[in-house]
Amino acid sequence: RSEDNIIHHLEMLLAIVKIQAQDIEHIVAGREKEVAEVQSIFHRLGAEKLKPVFEYFGGRYPYDTIRLARLLFVGKGEN
């Protein structure tokens, strides 16, 4: 399984409330600083679309990192 596929499944499970953000926070271990930085931009640009965030960082963070950050951001009700 690819990281992309796993993130997709986690997004679906979160959407149907089978899991909560705190259940999956451990998956960003070691990337907390990156995730927090991306989430701060979600506050400014919104979390609906990934491309504006990706472009804001000039590609510094891959889409998978941005999706994980959004997953936790939305899961905590910060959108």
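Glu37 is partly exposed, with 29% of its relative area accessible. This residue is a place to enter the structure, which is a predicted model. Glu37 pairs with Arg60 in a salt bridge whose closest N and O atoms lie 2.7 Å apart. Glu37 belongs to helix H3, while Arg60 sits in the loop between helix H4 (51-56) and H5, so the salt bridge ties together parts that are 23 residues apart in sequence.

The pair of Glu37 and Arg60 is part of a wider set, as the structure holds seven salt bridges. Another of them joins Glu3 to Arg31, with 3.5 Å between the closest N and O atoms. Here the partners come from helix H1 (residues 3-15) and from the loop between helix H2 (21-24) and helix H3 (32-45), so parts 28 residues apart in sequence are tied together. Both ends of this bridge have some access to the surface: Glu3 counts as partly exposed at 38% relative accessibility, and Arg31 counts as partly exposed at 25%.

Helix H1 also takes part in a salt bridge through Glu11, whose partner is Arg70, the closest N and O atoms being 3.5 Å apart. Since Glu11 lies in H1 and Arg70 in helix H5 (residues 63-75), the pair ties together parts that are 59 residues apart in sequence. Is each partner buried or partly exposed? Glu11 has 21% relative accessibility and therefore counts as partly exposed. Arg70 has a relative accessible area of 17% and is buried, because the limit for buried is under 20%. Glu11 and Arg70 also belong to a network, together with Asp4 and Arg67, that is joined by salt bridges with shared partners.

From the charged pairs the description moves to the nonpolar residues. In soluble globular proteins, nonpolar side chains tend to be buried together. In this model the largest nonpolar core has 22 residues. Which residues have the most contacts inside this core? They are Ile24, Val38, Phe42, Val53, Phe57, Ile66 and Leu71. Helices H1, H2, H3 and H5 are the elements that give two or more residues to the core. Of these, H5 supplies the largest share, six residues.

Ile66 shows how such contacts run between parts of the chain. Leaving aside residues up to four places away in sequence, Ile66 touches Val38, Phe42, Leu50, Val53, Phe54 and Tyr61. Among these partners, Val38, Phe42 and Val53 are also listed with Ile66 as having the most contacts inside the core.

Key: Residues numbered from 1 in each chain as written. Predicted model: local features only at pLDDT ≥ 70, side-chain atom pairs only at ≥ 80, totals over all residues. Heavy atoms only, no water. Salt bridge = Lys/Arg side-chain N within 4 Å of Asp/Glu carboxyl O. Helix = DSSP H or I, 4+ residues; strand = E, 2+ residues; numbered from the N terminus. Buried < 20%, exposed > 50% of the residue type's maximum accessible area, 1.4 Å probe, protein only. Core = buried A, V, L, I, M, F, W, Y, C linked by side-chain atoms within 4.5 Å. Contact = heavy atoms within 4.5 Å.
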